[in-house]
Amino acid sequence: MQAHQAQIEIVLDKRLKASDQPCSQRLLEAMRYATLGGGKRIRALLVYATGEAMGAKPADLDAAAAAVEMIHAYSLVHDDMPIMDDDDLRRGRPTCHKTYDEATALLVGDALQTLAFETLCTNQLLAEQQIKMIKRLAQASGALGMAAGQAIDLESVGKKLDLNALQSMHKLKTGALIRASVVLGALAAPECDDESLQRLERYADCIGLAFQVQDDVLDVIADTDTLGKAQGADIALNKPTYPALLGLEKAQQKAVALIEKALGQLSELTFDTQALAALAQFVIKRSH
């Protein structure tokens, strides 16, 4: 994890360097602030772990790992803005719109989203592989993925959702990009058979949902300093969460059950999935 976390920071830093083309230095500075401000890099780690397990060269995974982190960073910048969740803290620092301003934060998200797709094309993979990867990331990010989940989340404030509706929302909002991270790693490999890809997608669906369940749990049990963002923010906004629906203990049990299901999918694969298994465990053992 540490090696790949260090690697993705190098890749992101390089992609966000000033160029000789005319640009706004303030915008670039804000993009760097939002993207290089720390974080677990779980999505990039999933790209690396999946791709390397299937025989991809590490250098062929850098572009996809950076692209998913840029999409994730853009989503956080927009999510934190007053028109959405109105958060003041992210990763222990003032949010992008607080450090700069709302208009700049909006443009940061726009610019990071487009840069993600440009970055995804900067590798030595076959054109056919790149096209498949671009399509999967676009689907995961847009109206059939993350953006749809965010819209449903906003529409659900103050409403009581049942378990199926809550899971459907989080499968889009959080799970879609986590699934895309696994899929991009697989598509960057020399060979990717359909059966293995299907098992990897089921694995990703389980850990994506477990990730959100754990987020909801931590919103209840962790403190602001540990989380790096306001504790109890979802409760304050009257959002539907797993602890609110199931109770804290049952929500924790659900996260564990989802990880066990994810590990079951890995056990059916023929290649070394040790890193993917470790990342699955990390999802529910993390403290922030």
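Arg 136 is partly exposed, with a relative accessible area of 24%. Let us start from this residue and walk through the structure, keeping in mind that the model is predicted.

## A network of charges

Arg 136 has a partner of opposite charge: Glu 201 forms a salt bridge with this arginine, and the closest N and O atoms are 2.6 Å apart. Glu 201 lies in helix H11 while Arg 136 lies in helix H7, so their pairing ties together parts that are 65 residues apart in sequence. The story does not stop with two residues, for salt bridges that share partners join Arg 136, Arg 179, Glu 201 and Asp 205 into one network. Within this group, Glu 201 counts as buried because its relative accessibility is 13%, and the cut-off for buried is under 20%.

Why can such pairs form? Side chains of opposite charge can pair when their charged atoms come close. The count for the structure comes to 14 salt bridges. One of them links Lys 98 with Asp 88, where the closest N and O atoms are 3.7 Å apart. Lys 98 sits in helix H5, and Asp 88 sits in the loop between helix H4 (62–80) and strand E1, so this pair ties together parts that are 10 residues apart in sequence. Lys 98 is partly exposed at 48%, and Asp 88 is partly exposed at 44%.

Another salt bridge stays inside one helix. The side chains of Glu 128 and Lys 132 meet with 3.7 Å from N to O. Because these residues are four apart in helix H7 (residues 127–141), about one helical turn separates them. Glu 128 is exposed, with a relative accessible area of 54%, whereas Lys 132 counts as partly exposed at 42%.

Here are three of the salt bridges side by side:

| Salt bridge | N to O distance |
|---|---|
| Glu 201 and Arg 136 | 2.6 Å |
| Lys 98 and Asp 88 | 3.7 Å |
| Glu 128 and Lys 132 | 3.7 Å |

## Two tyrosines meet

How many aromatic pairs does a search of the whole structure find? The search finds one. The rings of Tyr 33 and Tyr 100 have their centres 5.7 Å apart, and their planes stand at 75 degrees, so the pair is edge-to-face. Tyr 33 belongs to helix H2 (residues 25–35), and Tyr 100 belongs to the loop between helix H5 (96–99) and helix H6 (102–120), so the pair ties together parts that are 67 residues apart in sequence. Tyr 33 is buried, with a relative accessible area of 18%, and Tyr 100 is buried at 14%.

## Cysteines without bonds

A disulfide is a covalent bond between the sulfur atoms of two cysteines. This structure holds zero disulfides. For Cys 121, the nearest cysteine sulfur is that of Cys 192, and it is 19 Å away. Why is Cys 206 without a bond to Cys 192? The sulfur of Cys 206 is 18 Å from that closest cysteine sulfur, which is too far for a bond. Is Cys 206 buried or exposed? Cys 206 is buried, with a relative accessible area of 7%, while Cys 121 counts as partly exposed at 36%.

## Loops with something to show

Most residues other than glycine have a negative phi. Arg 41 has a positive value, near 60 degrees. This arginine is found in the loop between H2 and helix H3 (42–53), and it is buried, with a relative accessible area of 4%. Arg 91 also has a positive phi, of about 55 degrees, although it is not a glycine. Its place is in the loop between strand E1 (89–90) and strand E2 (93–94), and Arg 91 is partly exposed at 25%.

Thr 174 lies in a loop as well, between helix H9 (163–173) and helix H10 (175–187). At 9% relative accessibility, Thr 174 counts as buried. Leaving aside neighbours within four places in sequence, what is Thr 174 in contact with? Its partners are Arg 43, Gly 208, Phe 211 and Gln 212.

## A nonpolar patch on the surface

Our last stop is on the outside. Val 220, Ile 221 and Leu 248 make a nonpolar surface patch of about 220 Å². Ile 221 is in helix H11 (residues 194–221), and at 48% relative accessibility it counts as partly exposed.

Key:
Residues are numbered from 1 along each chain as its sequence is written. This is a predicted model: local features need pLDDT of at least 70, side-chain atom pairs count only at pLDDT 80 or more; totals for chains, interfaces and linings use all residues. Side-chain values use heavy atoms; hydrogens and water are left out. Patches are made of residues with over 30% relative accessible area and no salt bridge: like charges are joined within 9 Å, nonpolar side chains (Val, Leu, Ile, Met, Phe, Trp, Tyr) within 5 Å. Accessible areas come from the Shrake-Rupley method with a 1.4 Å probe; for residues, only the protein chains shown count as cover. A salt bridge is a side-chain nitrogen of Lys or Arg within 4 Å of a carboxyl oxygen of Asp or Glu. Helices (H or I, at least four residues) and strands (E, at least two) are DSSP runs, numbered from the N terminus. Buried means under 20% relative accessible area, exposed over 50%, partly exposed in between (1.4 Å probe, protein chains only). A disulfide is a pair of cysteine sulfur atoms within 2.5 Å. Contact means heavy atoms within 4.5 Å. Rings of Phe, Tyr and Trp (its six-membered ring) pair if their centres lie within 6.5 Å; planes under 30 degrees apart count as stacked, over 60 as edge-to-face and the rest as tilted.
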